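Student: I'm new to this one. Could you walk me through how to read it?
Tutor: Sure, let's have a look together.

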Amino acid sequence: QVQLVESGGGLVQVGGSLRLSCAASGRTVSIYSMAWFRQAPGKEREFVGGMHWIGGTTECADSVKGRFTIFRDNAKDMLYLQMNSLKPEDTAVYFCAARTTYTVNHVYTDKRRYAYWGQGTQVTVSS
């Protein structure tokens with residue numbers, strides 16, 4: 001089992017920045033990849049970005065490329081999402097997810113590929 005806890009959400013103005021954190025605990029040695037997803041009211045949960053835990057490959061959605069960066073702290077089993085130049089359309093609940101099924105150096109964008117999820121953290125961008 002893997003437990004995930006997100007933090008760092010909040011209210012920010014357009015053009016501002018936030019850094020989200022995801023703390024993984026439990027059987028973290030079984031993690032092959034982790035990712036961030038987001039869900040706005042009335043919309044499907046969508047992929048934001050992710051990282052292969054072993055190979056280091058990262059992937060970001062086109063909508064956030066150049067603005068969001070994913071990185072990790074190996075020693076602390078932490079995944080981060082640095083969000084810059086925030087827009088109102090970035091407003092959503094952001095979720096951290098982990099995949100423990102064997103994966104080569106690839107990041108899945110399909111939420112069904114991830115078995116473990118955090119509770120989410122709200123990000124609101126005001127205009």
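Tutor: Let's start with a cysteine. At 0% relative accessibility, Cys 22 is well under the 20% cut-off, so it counts as buried. Keep in mind that this is a predicted model.

Student: Which residue does Cys 22 form a disulfide with?

Tutor: The general idea is that a disulfide is a covalent bond between the sulfur atoms of two cysteines. Here the partner of Cys 22 is Cys 96, and their sulfur atoms sit 2.0 Å apart. Cys 96 is buried too, with a relative accessible area of 0%.

Student: Why is the disulfide of Cys 22 and Cys 96 left-handed?

Tutor: Look at the torsion about the S-S bond: it is about -80°, so the disulfide is left-handed. Now check where the two ends lie. Cys 22 belongs to strand β3 (residues 18-26) and Cys 96 to strand β9 (residues 92-99), so the bond ties together parts that are 74 residues apart in sequence.

Student: What about Cys 60: how far away is the nearest cysteine sulfur?

Tutor: That sulfur belongs to Cys 96 and is 14 Å away, and Cys 60 is in no disulfide. With 16% relative accessibility, Cys 60 still counts as buried. The count for the model comes to one disulfide.

Student: On to strands, then. In what order do the strands of the four-stranded open sheet come?

Tutor: The order is β1-β3-β8-β7, with antiparallel pairing. At the edges are β1 (2-7) and β7 (68-73), each of which pairs on one side only. On average, neighbouring strands of this sheet are turned by 20° against each other, direction ignored.

Student: How many bridges join β3 to β8?

Tutor: Six, and the two strands run antiparallel, with β8 covering residues 78-83. To see how residues match up across such a pair, take Arg 19: its bridge partner in β8 is Gln 82.

Student: Which residues does Gly 26 touch, leaving out those up to four places away in sequence?

Tutor: Gly 26, which is found in strand β3, touches Gln 1 and Gln 3. Distance in sequence and distance in space are separate things to read. Gly 26 and Val 2 are 24 residues apart in sequence, yet 4.8 Å apart in space, C-alpha to C-alpha.

Student: And in the loop between β3 and β4, is Thr 28 buried or exposed?

Tutor: Thr 28 is buried, at 14% relative accessibility. Its side chain is joined to that of Asp 77 by a polar contact of 3.0 Å.

Student: How many salt bridges does a search of the whole structure find?

Tutor: First the general idea: side chains of opposite charge can pair when their charged atoms come close. The search finds six salt bridges. In one of them, Arg 38 meets Glu 46 at 2.6 Å, N to O. Arg 38 is buried at 6% relative accessible area, whereas Glu 46 is partly exposed at 37%.

Student: What else does Arg 38 meet in a salt bridge?

Tutor: Asp 90, at 2.9 Å, N to O. Arg 38 lies in strand β4 and Asp 90 in the loop between β8 and β9, so this pair ties together parts 52 residues apart in sequence. Both Arg 38 and Asp 90 are buried. A network of salt bridges links Arg 38, Glu 46, Arg 67 and Asp 90.

Student: Where does Lys 65 come in?

Tutor: Its side chain meets that of Asp 62 in a salt bridge of 3.3 Å, N to O. Asp 62 is exposed at 66% relative accessibility, while Lys 65 is partly exposed at 47%.

Key. Residues numbered from 1 in each chain as written. Predicted model: local features only at pLDDT ≥ 70, side-chain atom pairs only at ≥ 80, totals over all residues. Heavy atoms only, no water. Disulfide = S-S within 2.5 Å. Buried < 20%, exposed > 50% of the residue type's maximum accessible area, 1.4 Å probe, protein only. Pairing = 2+ DSSP bridges. Axes fitted to C-alpha atoms, helices over the stretch in contact; angles between N-to-C directions. Contact = heavy atoms within 4.5 Å. Polar contact = N/O pair within 3.5 Å; in protein donor to acceptor, adjacent residues only side chain to side chain. Salt bridge = Lys/Arg side-chain N within 4 Å of Asp/Glu carboxyl O.
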